[in-house]
Amino acid sequence: MNRISQCSRWLWIPLLLCCMCFTFGGCKEESAGRSSLHVSMEKQSGAEKTLLPNDTPLEVSRYVVEGTGPQDTTFSVMSNTNKVDVDGLLIGTWDITAVGRNDQGIDLVTGSVSVNLSKDPLETVIKLNALSGNGMMDI
């Protein structure tokens, strides 16, 4: 009986090693298909003048960054700073849009960029331009 238990112990070792190889091998393949993106938003300066009511703050207090990528995957991130890190994105082409909003949730600036994400983390900058619209003015 002692001899049988020693043989069965030796049979479990190769089986355990095979399972470990498949487990760790699978993790490497999945992580190779994903990467990280670092997005910075910069307000584009221009000679435009925005006319808004006196009670509308013109300072951007938060940013909403959204992206659409390979296999119709999407992400949406909100940040109080002009820098955003997004991890775990599929490798491929991503269309990124950023909107800067004031404290009241009113969109003030917007911009977009298209990037090709590879296995190495990517840094990109989105230039934010003032939104245009129609209105009336009494002088």
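This report describes the core, the charged pairs and some local backbone features of a predicted model.

**The nonpolar core and its aromatic pair**

The largest nonpolar core holds 19 residues, and among these Met 41, Trp 94 and Ile 96 touch the most other members. Two or more residues of this core come from each of the elements E1, strand E2 (62–68), strand E4 (83–90), E5, strand E6 (107–117) and strand E7 (122–130). In soluble globular proteins, nonpolar side chains tend to be buried together.

Ile 96 can serve to show the surroundings of one such core member: leaving aside residues up to four places away in sequence, Ile 96 touches Leu 37, Val 65, Glu 66, Gly 67, Phe 75, Gly 111, Ser 112, Val 113, Val 115 and Ile 126.

A search of the whole structure for aromatic pairs finds 1. The ring centres of Phe 75 and Trp 94 are 5.7 Å apart and the ring planes stand at 50 degrees, so this pair is classed as tilted. Because Phe 75 lies in strand E3 (residues 74–79) and Trp 94 in strand E5 (residues 92–101), the pair ties together parts that are 19 residues apart in sequence. Phe 75 counts as buried, with a relative accessibility of 11%, and Trp 94 is likewise buried, at 1% relative accessibility.

**Salt bridges**

How many salt bridges does a search of the whole structure find? The search finds 2, and they are set out below with the N to O distance of each pair.

| Salt bridge | N to O distance |
|---|---|
| Lys 127 and Glu 42 | 2.8 Å |
| Arg 101 and Asp 107 | 2.7 Å |

Side chains of opposite charge can pair when their charged atoms come close. The bridge between Lys 127 in strand E7 and Glu 42 in strand E1 links distant parts of the chain, the two residues being 85 residues apart. Lys 127 has a relative accessible area of 44% and is therefore partly exposed, and Glu 42, at 36% relative accessibility, is also counted as partly exposed. In the bridge between Arg 101 and Asp 107, Arg 101 is partly exposed at 24% relative accessibility, while Asp 107 is partly exposed at 34%. For Arg 101, the value of 24% has to be read against the cut-off for burial, because a residue counts as buried under 20% relative accessible area.

**His 38 and its neighbours**

His 38 belongs to strand E1, which spans residues 34–43. The side chain of His 38 is joined to that of Asp 85 by a polar contact of 2.4 Å. When residues up to four places away in sequence are not counted, His 38 touches Lys 83, Val 84, Asp 85, Leu 122, Glu 123 and Thr 124, so that Asp 85 appears both as a contact and as the polar partner.

**Positive phi in the loop between E2 and E3**

Which backbone angle stands out at Gln 71, although it is not a glycine? Gln 71 has a positive phi of about 55 degrees, whereas most residues other than glycine have a negative phi. Asp 72, which is not a glycine either, also has a positive phi of about 55 degrees. Gln 71 is placed in the loop between E2 and E3, and Asp 72 is found in the loop between E2 and E3 as well. Gln 71 is exposed, with a relative accessible area of 70%, and Asp 72 counts as exposed at 71% relative accessibility.

Notes. Residues are numbered from 1 along each chain as its sequence is written. This is a predicted model: local features need pLDDT of at least 70, side-chain atom pairs count only at pLDDT 80 or more; totals for chains, interfaces and linings use all residues. Side-chain values use heavy atoms; hydrogens and water are left out. Helices (H or I, at least four residues) and strands (E, at least two) are DSSP runs, numbered from the N terminus. A polar contact is a pair of N or O atoms within 3.5 Å; within protein, one must be able to donate a hydrogen and the other to accept it, and residues adjacent in sequence count only if both atoms are side-chain atoms. Contact means heavy atoms within 4.5 Å. Rings of Phe, Tyr and Trp (its six-membered ring) pair if their centres lie within 6.5 Å; planes under 30 degrees apart count as stacked, over 60 as edge-to-face and the rest as tilted. Buried means under 20% relative accessible area, exposed over 50%, partly exposed in between (1.4 Å probe, protein chains only). A nonpolar core is a set of buried Ala, Val, Leu, Ile, Met, Phe, Trp, Tyr and Cys residues joined through side-chain atoms within 4.5 Å. A salt bridge is a side-chain nitrogen of Lys or Arg within 4 Å of a carboxyl oxygen of Asp or Glu.
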